[in-house]
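Here are some short exercises to help you find your way around a new protein. Try each task by eye before you read its solution.

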Amino acid sequence: MKQSERIMGRHAGPHLLLLTLVYVGLMIAGGSKLSTAFAIPKDSAEKAVAYVAQHGWAIQLGSFFELGSAIPLGIFIATTISRLRFLGVRAAGESIAFFGGIGATMMLTLSALASWSLTRPGIAEATGAVRALQALTFAGGGPGFVVPLGLFIAGVSISASLHRLIPRWLMWLGIVVAVACELASLTLLNFTAGYFNPVGRFISIIWMIGVAHTLPIGTTKAIGETEAKLAA
């Protein structure tokens with residue numbers, strides 16, 4: 001007898017693709033204001049202080065968008081973890097993904113607040129404060145954000161693939177992105193490794209879109225042809 005499938009339970013939660021698009025839009029808006037000033041904090045202190053004094057509004061606006069981007073990203077992470085649990089995933093990878101996702105959103109928030117603090121009255125005149133906040137902005141939004149994001153991506157990719165919830169190519173993409181994210185930790189030893197930060201941050205968007213399209217939204221049950229017609 002021919003078999004069909006019927007959705008037995010549907011996960012209630014926000015649309016993952018919509019969350020991804022909102023996150024990307026806010027991230028680009030924030031990065032366009034902050035990337036020039038804080039790509040890698042290796043310029044002279046005088047240049048950093050001068051930039052903050054001249055572009056305080058751009059930094060403040062960029063901080064606002066960067067903080068905003070942490071919200072849809074956090075919801076994406078929470079929804080993905082919740083859906084994995086709904087689909088029956090009970091593995092260490094799911095818990096690792098949860099740990100990494102929380103860490104990533106917290107670091108992104110810290111980066112936004114540190115850059116916003118640069119625009120407070122009197123900060124631009126204090127060279128030491130500018131340098132410290134600039135470094136914290138880069139560290140939080142760079143390796144501090146990307147490294148735990150890699151744990152989230154790896155945890156979801158491996159757990160979901162083992163349960164055959166996502167295609168194999170998406171699992172391998174997630175593993176490659178996760179490795180790049182972890183290599184970004186070398187930025188703390190050598191700024192040259194900072195190139196892994198954008199690799200992990202931007203290629204992860206492709207992975208997020210893939211998860212949004214392929215991760216099942218509900219559980220299914222095989223049913224016979226007659227029952228399938230009645231269910232329809």
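**Exercise 1. Work out what share of the residues is buried.**

Solution. The model is predicted, and the protein has 232 residues. Of these, 44% are buried. For the outside, the accessible surface comes to about 11700 Å², and carbon and sulfur atoms hold 69% of that area.

**Exercise 2. List the helices and strands in the order of the sequence.**

Solution. Begin with the count: there are nine helices and two strands. Then follow the chain, which gives the pattern β-α-α-α-α-α-α-α-α-β-α. Finally, look at the contacts with a separation of 6 or more: 84% of them join residues 24 or more positions apart.

**Exercise 3. Check whether the span of helix α4 agrees with its number of residues.**

Solution. Helix α4 covers residues 92–117, which is 26 residues. Each residue counts for 1.5 Å, and the multiplier is one less than the number of residues. The expected span is therefore 38 Å, and the end C-alpha atoms are 38 Å apart, so the two agree.

Next, look for the side of the helix that is covered. Residues three or four places apart in an α-helix point the same way, because a turn takes 3.6 residues. The buried residues of α4 include Gly93, Ala97, Gly100, Ala104, Leu108, Ser111 and Ser115.

**Exercise 4. Find the surroundings of Arg83.**

Solution. Start in helix α3, residues 56–86, where Arg83 sits. Arg83 is buried but has no salt bridge. A salt bridge would need a carboxyl oxygen within 4 Å, whereas the nearest side chain of opposite charge, Glu94, is 13 Å away. Leaving out residues up to four places away in sequence, Arg83 touches His11, Pro14, Leu16, Leu215, Pro216 and Ile217.

**Exercise 5. Decide whether Arg164 is buried or exposed, and describe its backbone.**

Solution. First place the residue: Arg164 is in the loop between α6 (143–162) and α7 (168–183). Its relative accessibility is 78%, so Arg164 counts as exposed. As for the backbone, Arg164 has a positive phi of about 60 degrees, although it is not a glycine.

**Exercise 6. Identify the residues of the nonpolar surface patch.**

Solution. The patch is formed by Val179, Leu183, Leu186, Leu188, Leu189 and Phe196. Together they have about 580 Å² of accessible area. Now pick out Phe196, which lies in helix α8, residues 196–214. With a relative accessible area of 30%, Phe196 is partly exposed.

Conventions: Residues numbered from 1 in each chain as written. Predicted model: local features only at pLDDT ≥ 70, side-chain atom pairs only at ≥ 80, totals over all residues. Heavy atoms only, no water. Helix = DSSP H or I, 4+ residues; strand = E, 2+ residues; numbered from the N terminus. Buried < 20%, exposed > 50% of the residue type's maximum accessible area, 1.4 Å probe, protein only. Contact = heavy atoms within 4.5 Å. Areas by Shrake-Rupley, 256 points an atom, 1.4 Å probe, with all protein chains shown as cover. Lys, Arg positive; Asp, Glu negative; His and termini not counted. Patch = residues over 30% accessible without salt bridge, like charges linked within 9 Å, V, L, I, M, F, W, Y side chains within 5 Å.
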